Amino acid sequence: MGWSLQAAQSLSAQQFEQWNGLLEERTGMHLRRVQQSHLQTQLLMRMRELNCSSFDDYYQIVRAVGGSEWGVFVNRITVNETRFFRHLESFGFVQRTIVEKYKKASASLNIWSVGCATGEEPYSLAMLFEEAAESHGGNVSYTIDATDISAKAIAIAKLGEYPHDALVDVKPTLREKYFQTRGDMLKVIDGVKKPIRFHCENILDLAHKPIEKMDIIFCQNLLIYFQEWRKKSILDALVEQLKPGGILIIGPGEVMTWKNIFVTPCRENGVQAYQRIQTT
Ligand SMILES: C[S@@+](CC[C@H](N)C(=O)[O-])C[C@H]1O[C@@H](n2cnc3c(N)ncnc32)[C@H](O)[C@@H]1O
C-alpha cells in the first residue's frame with residue numbers, strides 16, 4: 001500500500017503501548033498519553049522517508065538488535081531542549097561550591113553533566129570553572145564528562161556553535177571571553193571545550209558501569225521523563241558515583257520522596273542538591 005493511503009493512519013492504543021514499552025525498556029523514558037500524537041508524528045515522518053507503510057513494519061526495523069534505525073528513532077523522539085545557565089539558582093550553587101574548592105588547596109575535580117543535550121549545560125559549567133580559576137587561582141584542574149543518549153545532540157554539543165539568540169542568558173562579559181564569532185554563529189573557545197569529554201551514553205547503562213568518582217553530578221530535566229521508581233533507582237546509582245563530599249544537583253521538584261542514607265540534602269533555597277556523606 002502506498003504512503004498516501006497510509007498517511008492518515010493513527011497509532012492504536014495497543015501500538016502506542018508497544019512503542020512506549022520499547023522506549024522505556026531501552027531508555028527509561030516513559031511517554032504520557034498526551035505525547036501519543038508527538039510519537040505518531042515522528043513515526044509517520046520517518047516512515048515517509050523510508051517509504052515504510054505500517055507502524056508495525058517500522059517497529060520491527062527499529063527494534064532489530066544492532067540495527068542503525070534505533071539511533072535514528074532516539075534522535076527524533078528525545079526532547080533536547082536546553083539553555084545556557086538554564087536554572088540560575090542551581091548554577092549559583094555550583095559556583096559557590098567550586099569557589100570553596102578553589103580556595104582550599106590543589107585539587108583535581110570531576111564533574112558529570114548527565115543528559116547534556118546540545119552542550120549548553122556543560123559549557124555553562126566550564127565557564128564557571130574558568131571564572132573561579134581566574135579570581136581564586138589555586139592549583140585546580142577539572143574534567144567535565146557530558147553524556148546524552150542522542151548522538152545527534154552530542155554531535156551539536158561537540159561542535160559548540162550556537163546562534164546569537166541562544167546566548168541571551170549568558171552575561172556579556174562571559175560571551176566576550178568565551179565565544180568567538182564564526183559566520184552567523186558564536187563558537188565556544190577551545191579553552192572551554194578542552195576540559196569537556198562528550199560521549200553518547202545511555203544513563204541506564206552508566207548506572208551499572210563503574211566510572212571515575214565525581215565531585216559534582218549535574219542532572220537536570222532528564223529524570224522528568226522517567227517513572228517514579230526509575231528516577232529513584234537512577235539517583236541511587238548516581239550517588240554511587242559520587243566521591244565522599246561530592247554533590248548531586250537535580251532540578252527542583254524532579255523527585256519528591258527519594259531518600260538515600262549516603263547523602264544529606266543541601267539547604268539552599270530553590271535548589272535540590274544532595275551531598276555524599278564524608279565517611280562511607
Ligand atoms: C530536556 S533535555 C535536558 C538538557 C539539560 N540537562 C538541561 O537541563 O537543559 C533531556 C536530555 O536527556 C536525554 N536523555 C533522555 N533519556 C536519556 C537516557 N536514557 N540516557 C541519557 N540521556 C537521556 C535526552 O536526549 C535529552 O537531551
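Here are legends for four close-up views of this structure, which is a predicted model.

**View 1. Meet the ligand's neighbours.** Zoom in on the ligand and you'll find 22 residues around it. The closest ones are Thr 27, Thr 82, Arg 86, Glu 121 and Asp 148. Sort the whole shell by class and you get 8 nonpolar, 9 polar and 5 charged residues.

**View 2. Polar side chains meet the ligand.** Let's look at three side chains here, starting with Glu 121: one of its polar side-chain atoms sits 2.7 Å from a nitrogen atom of the ligand. Asp 148 has a side-chain N or O atom 2.6 Å from an oxygen atom of the ligand. For Asn 80, an N or O atom in the side chain is 2.9 Å from a ligand oxygen atom. How much of the ligand does the protein bury? On its own, the ligand would expose 600 Å², and the protein buries 99% of that.

**View 3. The pocket that holds the ligand.** Now look at the space itself. The ligand takes up the largest pocket.

**View 4. A hairpin made of strands 4 and 5.** Strand 4 covers residues 179-182 and strand 5 covers residues 185-188. The two run antiparallel, joined by 4 bridges. To see the pairing for yourself, find Phe 179, which stands opposite Val 188 in strand 5. Then follow the chain to the turn, where 2 residues lie between the strands. Which residue takes a positive phi in this hairpin? That's Gly 183, with a phi near 60°.

Definitions and conventions:
Residues numbered from 1 in each chain as written. Predicted model: local features only at pLDDT ≥ 70, side-chain atom pairs only at ≥ 80, totals over all residues. Heavy atoms only, no water. Near = heavy atom within 4 Å. Polar contact = N/O pair within 3.5 Å; in protein donor to acceptor, adjacent residues only side chain to side chain. Areas by Shrake-Rupley, 256 points an atom, 1.4 Å probe, with all protein chains shown as cover. 1 Å grid on protein atoms, 1.4 Å probe; cavity = no way out; pocket = protein on both sides within 12 Å on 5 of 7 lines; lining within 4 Å. Sits in = over half its atoms within 2 Å of the grid points. Nonpolar A, V, L, I, M, F, W, Y, C, P; charged D, E, K, R; others polar. Pairing = 2+ DSSP bridges.
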